[in-house]
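Colleague: Before I rely on this model, I would like to learn how to read some of its features. Could you take me through them?

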Amino acid sequence: MSELTKLTIAQAKECLKNKEFSAVELVEAYAAKMDEGRKYNAYVCETVELAKEQAKQSQIKLDKGEGGNLEGIPLGIKDLFCTKGIATTACSEFLKGFVPPYESTVSAKLLADGASFLGKLNLDEFAMGGSNETSAFGPAINPWSKDISLVAGGSSGGSAAAVAAEMCAGATGTDTGGSIRQPSAYCGVTGIKPTYGRCSRYGIIAFASSLDQAGPIAKDVRDCAIMLNSMAGYDAKDSTSAKVDVPDFEKFLGGDIKGMRIGIPKEYRVDGLDKEIAAYWDKAAEMLKARGAEIVEISLPHSKYALATYYIIAPAEASANLARYDGLRFGNRVDGDTLDEMYINSRTNGFGKEVKKRIMVGTYVLSAGYYDAYYVKAQKVRRLIRNDFMNAFEKCDVILTPTAPVAAFAVGDKSMQNDPIAMWLNDIFTVSVSLSGLPAMSLPVGLNKEGLPLGMQIIGKAFDEANLFKAAYALEEDANFKGAK
Amino acid sequence: MSGMILKGNTGDWEIICGLEIHCQIISKSKIFSGASTHYGADINENVSFVDAGMPGMLPVLNEECVRQAIKTGLGLNAKINKRSVFSRKNYFYADLPQGYQITQFEYPLVGEGAVKIDLEDGSSKEIGIERIHIEQDTGKSIHDISPTKTFLDFNRAGVGLMEIVTKPDFRSPDEAGAFLRKLRTIVRYLGTCDGNMDEGSMRCDASVSIRPVGSSELRPRAEIKNVNSVKFVMQAIEFEANRQMQIYESGGEIEQQTRLFDQTTGETRFMRSKEFAHDYRYFPEPDLLPLDLSDEFIAEIKSGLVELPDAKKERFVQDMGLTPYDATVLSEDRETAEWFEKAAKGHDAKKVANWMMGDFFAMLNEKKITLAESPISPENLGALVELITSDVINGKTAKDVFAIMAETGDNPEKIVEEKGLKQVTDTGAIEKIIDEVIASNPANVEAYKGGKTNLMGWFVGQVMKASQGKANPGVVNKILQQKLL
């Protein structure tokens, strides 16, 4: 039974087609893993019975030789996606008990393609965080933890942990500054943040509107491609959705990368970069070179401003996006004698510390007297950061960097919690990409000496997920991480 | 010069006033959601998830609202900006579900324009338009259902508004009144707003300051918010100007402030000062793209524009020979203007105008019906005038025919035919009647010949009576003159 959960989505699809097992059996296999893996606190809401019903419907189609792209495939959904009739909380006290009467476009597309939903996955509250420790449901635990509990990463910690512990065939995540890529790296799984505008944001609880993107977290590159095929696509209900065709991302896998130019940004070789990570970075470049790719040094001169830029823009947009959480029309209201008191009580009670911190920073940088110096300036620098990539992409086709400067750290690591800058530095390799709206993928390439997975990030041109998948597939094959676990 | 001069103890003061008018856009759906704008729906019946500010919801721009605003801009002779940008205006209030209003701040859809107003003394003045932008309306707070609770109706939340900002060109309450009436006429002509201040679909804020006559400084102003009738706007401006004068003359200062108008007392009341003015933290709306309009789009709207009141009035005077007064009255309302044009087509326009402004409007008033409900069609009124012009009937008979038309709706030719009301122009027949009258009234004939020439009217009357009013009075006069020589 547990063999079923080892299968990738691609393999499971094949097996379902060949009637080696039923869709319901596949759900049951994952359900058993969910029981085993409860200690990872990956799921904040389990919907196994629903998944079985969905699987039954899938089976009917499969029996007829029909079925969608993900027919009968059990997935976990990050609890930031509004799922109709299923509790959606953004892992916040504010929304505990909120059941949306509407479905996000991305999760609707997954359902339309035949997927079944095993449950909602843990995340940092309102997607704000890099360790999944700010969740109102407690932290998601990295399945690679041995004696000490390690963080699963964030904000999509639950998603990455669930995939790593075989508690779902694949999961959805969202990425604003690295929230798909970093937890994927920490948990030794694969995840892609597509180009901004590839996937609809409709129905995804908004954190930072100009940065948020949905994407898959799965066992390998092929599974990510399969899932992205279902998730991506123009949506008229999202005005920032891109009117571009969705190619079959799977067909780029195995493409020859001879002559592909791999950019290595010199500014990312930061002082004190962990030696093991640096070594894997070099090794990854060598592997691609051995396949005929060309390694090119590039420069992204404004990289050092990326964190500051991100931590001005994202909180600014978040401060406005979270203004609707006032306890009046939905969510957990704490009454007061006046309207303002009710707002203050509800929001003080409902929001965690990190969320409050970011709302305050965001409000400050938009306020009179500071708007020009902070927000406008940050948007200008953002343009420069994006220009860096545009210029670099004249010399290369994809860019290779580590995903994170460290491996998964311990839950409750005070040095991280007490030093927000240290926590925020986790995003150093990922935020520039988000600011520029570019697609990027993280895949595991090996273990460090503590036996924890390390990930490499491949960044592509806007809407050029094709080259991303090509390069990533090649690197995945050569790195042979699966063999390492 | 139409400005109002306030005579103070220390000297003369003039009023500087600008208006900000919010006009609800006529459209089927709201500006950023598909919910209906239909007035009079049940409470909270026309509220979409987007309007309610639910988690994950996103705005989508309604093209019709953009068209309506462009039409209005063209109607106010204003520049249409090809690029405009939406912004978030952030503040907390129960009637604002998102915690921010989507509006346009730095880059509005419409730029500078001008409107000519006609004043009572016959002069006209040009009022400058600063800008027009489009934005969301808020919901409605209902405070008077309960002593301890406020109830919210979100039907209005998200309805499109055009905010029209004038330059501070008003120098008297009358000018402001004339402008508001003109604006109302224009938007009703265009069909972009119904201009009903009492229903709240057009709301006016007046900014008032004063300065010594001859000075060119601009002193701090008081903004009087949400005044809901033209009369009250005029009252508010006058009261506020006098209030400020009294303060200045007693050595005080005016601080920039917001005030409310109390309809029962006719006074303005302090609401809040500049210090406590909200910091709205405006920033560009990241959920919407900048609005880029093509020349073709604007040209298409321009070519489809109805003829505006000023142009119509001009044409009524120049081409149709109406007096400016009649032209103003008949062009005030598009429905009336078009009715008039139909009636006047092919007939004596001036005569038609006289009939409309006289007997016709009187008839509508008496029956308490609207133009649309008129039993007399415009074509029939025109036909009636034609019968007079071509001497088929005389003026007196026409009034009788009109009265019958008002009851039956029949066309005048039919009535004249059926009732044998054709004017008698046959000189022979008239001569015969005249001879009889002269023969029966020798005393008056003597008196007339003896010098009492005002008896002519009496003679004419007798002939008309004897002919049952059908004789052509002109012919009667002529023959009588000859016979009584």
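Modeller: What follows takes up the interface, the cysteines and the backbone in turn. This is a predicted model, in which local features need pLDDT of at least 70 and side-chain atom pairs count only at pLDDT 80 or more, while totals for chains, interfaces and linings use all residues. Residues are numbered from 1 along each chain as its sequence is written, chains are lettered from A and ligands numbered from 1 in the order in which they are written, and side-chain values use heavy atoms, with hydrogens and water left out.

Colleague: How many residues of chain B are in contact with chain A, and what area is buried between them?

Modeller: Contact means heavy atoms within 4.5 Å, and 29 residues of chain B are in contact with 37 residues of chain A. Buried area is the accessible area (1.4 Å probe) that two parts lose on being put together, summed over both; between chain B and chain A it is about 2,800 Å², with carbon and sulfur atoms giving 62%. On the chain B side, B:Pro55, B:Leu58 and B:Phe92 lose the most area to chain A, together 22% of what that side buries.

Colleague: Which side chains meet in a salt bridge?

Modeller: A salt bridge is a side-chain nitrogen of Lys or Arg within 4 Å of a carboxyl oxygen of Asp or Glu. Across this interface the rule finds 1 salt bridge, and the side chains of B:Asp287 and A:Arg201 meet in a salt bridge at 2.8 Å, N to O.

Colleague: How many disulfides are there over all chains?

Modeller: A disulfide is a covalent bond between the sulfur atoms of two cysteines, and the rule used here asks for a pair of cysteine sulfur atoms within 2.5 Å. The count comes to 0 over all chains. For B:Cys17 the nearest cysteine sulfur, that of B:Cys204, is 7.7 Å away. B:Cys193 is in no such bond because its sulfur is 4.3 Å from the closest cysteine sulfur, in B:Cys23, which is too far.

Colleague: What is phi in B:Lys368, and where is that residue placed?

Modeller: Most residues other than glycine have a negative phi, and most peptide bonds are trans. Phi of B:Lys368 is near 55°, a positive value, and B:Lys368 lies in the loop between α8 (349-367) and α9 (378-389) of chain B, the helices being DSSP runs (H or I, at least four residues) numbered from the N terminus. In chain A, a cis peptide bond joins A:Gly154 and A:Ser155, with omega about 5°.

Definitions and conventions:
Helices (H or I, at least four residues) and strands (E, at least two) are DSSP runs, numbered from the N terminus.
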